[in-house]
Amino acid sequence: MKAPDRYLMCPPEFYQVDYVINPWMEGNVDRASATLAAEQWRGLHEILAGEATVELITPRPGLPDMVFTANSGLVLGQDVILGRFLHRERRDEEPHFRNWFQQHGFRVHELPKDLPFEGAGDALFDPVRRLLWAGYGFRTELDAHTTLATLLGIEVVSLRLIDKRFYHLDTCFCPLERGYVLYYPPAFDSRSNNQIERRVPANRRVILEEADAIHFAANGVNIGDAVVLHRAGEALKLRLAAAGFRVFESSLTEFIKAGGAAKCLTLRLSEQRTTGAQARTDIVSRVLNLEGHLLDSGILDRALELTVQGGGSFQILNFQLGKQRQSISRAEIRVSAPDTEVLENVLGQLIELGASTGAPQQIGDARLESVIINGVAPEDFYVTTIYPTEVRIGGLWVRATGQRMDGCIVVDFQQSVHPVARIRLLRDLRIGEQVVVGVEGIQTLRKSESRDDRGVGGAPAAEFAFMGAGVSSERKIELVVNQIAWELERIRERRGKVVVVAGPVVVHTGAGEHLAALIRAGYVQVVLAGNGVAVHDIEQSLLGTSLGVDMSRGSPVQGGHRHHLRAINTIRRCGSIAAAVQQGALKGGIFYECVRAGVPFALAASIRDDGPLPDTLTDMIEAQRTYARLLEGAEMILMLSSMLHSIGVGNMTPAGVKLVCVDINPAVVTKLADRGSIESVGIVTDVGLFLSLLVRQIHAQSASNVA
Ligand code: NAD
């Protein structure tokens, strides 16, 4: 006896791969065999007709993908939500399917214009759990899920697709009878995998290997205990048989060339409403405002990219383009996310870009929660960035002081008439303090630079743009060095502050003398480093070697491997580096010049330190505080080949301070220079070469000044 199920199919009379709208179609245009496709389609039709009633829609010329009826809509009872295709190539299918549904007694519902929804390809009923699994990420918009929940009166669980080969939910996920789910986990983000695991017990999850997934094993049609699919490996067949399913394989190679198989070629018409289902979804959305040189600076692009990467989706509600080069653009964007956690994450990143939540008159105060354990913030605390931040308290925007990354904002109502906001590290929080939580009432003040602003020191923007982008090319290093030399001169003239962060490589490359020269000439106001650079600088100065290598000849010296320990011992005997200089034991080098010029330095300890030198701060918290204090008021920081200390300094430094990061490893440069601000400059080169070029350029500058 036939089951009462009904399916809609479309004969492949006009089927062919005519265009490319998914990765499967690439290289397959015009490559599907019409004869074989017709044969394969008949094979599938025959199997399905043995299990259910199959109805047909008349195919139309010029609409090759009409065969994939799954995308035409989603049927529940007598209601159908018509598919709205993302790609122009498939949009002309819509009226034909609309007519067919209307002529066959269905109530047709349509989604708002510009809201893509690709029917049962991205929406799969789970009768046991009384819910609709809905996919988004490639074709269907997340906001369509909310409409599905309301129109169908059902809970919708949103799953984000992240592998473009599995661009529709039904290519990698297949709910089966009795609560089983056949799926391919790598096609989903981790939140979606958690959603599946929370709702489907382990013994009901049939997990596909990649080999089965790429043969569209999840694109199966399940009628009763029959599962009809293109191909399944032996292990999968056994697993399905053990779960009580009969597997029918039906070769569909010609349709896979267009990215579809058994399920895509069918639309279930007999989905029945289950009692007790209720409209529900965790989807949340917020309206954000962005203002500035949005196109020019790439901020809008970045905001939309961050939203999608973070698992959300967006709709631009309003966009006013500033027409002149210097005029400001404004965008109003609705950001949606599958749940509050994802939304807050995305909003946090957009706030960092300078977005504000809602129209100015609608923005509420920042939410505050009390600290209940010393050194521990409330769960949902707002994590600060390098950008100047304001929090809204009692209807007023209050600027937080002590801007740095990875802190939290404490609001103090007692210290003065107006509330005060300060950025504090977790470890400094005290019971009773009020900490900003969530993302409400917080804004970061980003300098949204126009095309013209993206130069340095009057240099044409094009020349400097590559520095803004993070990493420089060999060819341009000299140009960059000239610009830095020019900036250093200006800072020195106005008695500004330049901080150098240096690693031992500065000495190993023989560039210690150049750094010493810069200090001696007044271009450096603070040196931050570790034990290593000081040890090697002092070894070089006392014994002429760096890690036992004779710096003048470049060859190892007999017994030289102990030289650095002898250097440490000498300083320990003197009591400190400064004492060694005063006692005449240390007569040259980077730290000698610091002592002579009164340039403060801080040496922070690490696990690999020898000695350490008496000056090295072995209490990490004290070292961090000293670094932070010495960094106050810095205008430029030269980070020279020390990943450890440079990253530490980067985290403490607010936006607006110019960072120049020099390292031989592009990954380190990118990490340090990619702060999303124009002030960061990354230079991939040998630090020795950089310092020698810098000193040479400074000399050339002073010579031309004198001339
Ligand atoms: P690090 O790994 O943090 O940084 C070294 C950086 O130098 C790397 O990013 C690397 O890519 C880069 N680099 C290597 N060769 C380069 C070149 N020719 N030009 C430009 N960049 C180059 O290591 P670190 O800062 O050297 O040391 C980490 C910690 O270990 C520090 O605290 C340091 O003081 C300590 N240390 C102690 C001793 C000692 O006490 N004897 C010796 C060495 C390091």
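Trainee: Which residues that surround the ligand are the closest?

Mentor: S642, L644, H645, D663 and D686 are the closest of the 23 residues around the ligand, where a residue counts if one of its heavy atoms lies within 4 Å. This is a predicted model, in which local features need pLDDT of at least 70, side-chain atom pairs count only at pLDDT 80 or more, and totals for chains, interfaces and linings use all residues. Residues are numbered from 1 along each chain as its sequence is written, and side-chain values use heavy atoms, with hydrogens and water left out.

Trainee: What makes D686 a polar contact of the ligand?

Mentor: A polar contact is a pair of N or O atoms within 3.5 Å. A polar side-chain atom of D686 lies 2.7 Å from a ligand nitrogen atom, so the pair qualifies. For N531 the distance to a ligand oxygen atom is 2.9 Å, and for S606 it is 3.3 Å.

Trainee: Why are α14 and α18 called roughly parallel?

Mentor: Helix α14 (residues 512-520) and helix α18 (residues 590-597) pack at about 5 degrees. Angles under 35 degrees count as roughly parallel, therefore the term applies to α14 and α18.

Trainee: Why is α19 called oblique to α20?

Mentor: The axes of α19 (residues 620-631) and α20 (residues 643-652) cross at roughly 60 degrees. Oblique is what remains after angles under 35, over 145 and from 65 to 115 degrees are taken out, so α19 is oblique to α20.

Trainee: Which residues make that contact?

Mentor: Q624, Y627, A628 and L631 of α19 meet H645, V649 and M652 of α20, contact being heavy atoms within 4.5 Å.

Technical notes
Axes fitted to C-alpha atoms, helices over the stretch in contact; angles between N-to-C directions. Helix = DSSP H or I, 4+ residues; strand = E, 2+ residues; numbered from the N terminus. Polar contact = N/O pair within 3.5 Å; in protein donor to acceptor, adjacent residues only side chain to side chain.
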